[in-house]
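Trainee: Please take me through the largest pocket and the aromatic rings by it. I would like one close look, step by step.

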Amino acid sequence: MAPAGTLTRADLAESLHHQVGLSRADSAKMVEDILSHMCESLSNGENVKISGFGTFVLRDKGERVGRNPKTGIEVPIAPRRVLTFRASQMMRDRIVSGG
């Protein structure tokens, strides 16, 4: 795994390979299957909760008026669906303690 920066799919697959003992191909397929299932659930409007990690929540935001910061002109912002992540308390505690 990369010491700092971004955790990638390849990093997750490599971790599965070393810790669980699956082949590299099986590890990569498992990571892809999990992420694919999460994406499909979210696109169907379902929230995704991973115990001890956090929850991916879909929110519908209504239309609102925004302002162009450069010109100050008001412009309408269309309604849209956004994805938010809320970390579990266990994850927050680990982040605060640095490990």
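Mentor: Start with the classes. Ala, Val, Leu, Ile, Met, Phe, Trp, Tyr, Cys and Pro count as nonpolar. Asp, Glu, Lys and Arg count as charged, and the others, Gly among them, as polar. Keep in mind that this is a predicted model.

Now the pocket. The volume of the largest pocket is about 250 Å³. Its lining is made up of Leu7, Thr8, Arg9, Leu12, Ile34, Leu35, Met38, Ile50, Phe53 and Phe56. Sort them by class, and you get eight nonpolar, one polar and one charged residues. Two elements, α1 (9–20) and α2 (24–43), give two or more residues to this lining. The largest share is from α2, with three residues.

Next, the rings. The model has two aromatic pairs. In one, Phe53 and Phe85 sit 5.4 Å apart, centre to centre, with 50° between the planes. That makes the pair tilted, because tilted covers what is neither under 30 degrees nor over 60. This pair links distant parts of the chain. Phe53 lies in the loop between β1 (48–50) and β2 (54–61), while Phe85 belongs to strand β5 (residues 80–87). They are 32 residues apart. Phe53 is partly exposed, at 35% relative accessible area. Phe85 is partly exposed too, at 39%.

The other pair joins Phe56 and Phe85. It is also tilted: 4.9 Å between the centres and 50° between the planes. Again distant parts of the chain are linked, with Phe56 in strand β2 and Phe85 in strand β5, 29 residues apart. Phe56 has a relative accessible area of 18%, so it counts as buried, the cut-off being under 20%. Put the rings together: Phe53, Phe56 and Phe85 form one aromatic cluster.

Follow Phe56 inward from there. It belongs to the largest nonpolar core, alongside Met38, Leu42, Val48 and Leu58. That core has five residues, and α2 and β2 each supply at least two of them. In soluble globular proteins, nonpolar side chains tend to be buried together.

Finish with Met38. Leaving aside residues up to four places away in sequence, Met38 touches Val48, Ile50 and Phe56. Met38 and Phe56 are members of the core, and both also line the largest pocket. Trace the path once more: Phe56 lines the pocket, sits in the core and takes part in the aromatic cluster.

Definitions and conventions:
Residues numbered from 1 in each chain as written. Predicted model: local features only at pLDDT ≥ 70, side-chain atom pairs only at ≥ 80, totals over all residues. Heavy atoms only, no water. Phe/Tyr/Trp six-rings, centres within 6.5 Å; stacked < 30°, edge-to-face > 60°. Helix = DSSP H or I, 4+ residues; strand = E, 2+ residues; numbered from the N terminus. Buried < 20%, exposed > 50% of the residue type's maximum accessible area, 1.4 Å probe, protein only. 1 Å grid on protein atoms, 1.4 Å probe; cavity = no way out; pocket = protein on both sides within 12 Å on 5 of 7 lines; lining within 4 Å. Points joined across faces, edges and corners; volume = space filled by probe spheres on them. Core = buried A, V, L, I, M, F, W, Y, C linked by side-chain atoms within 4.5 Å. Contact = heavy atoms within 4.5 Å.
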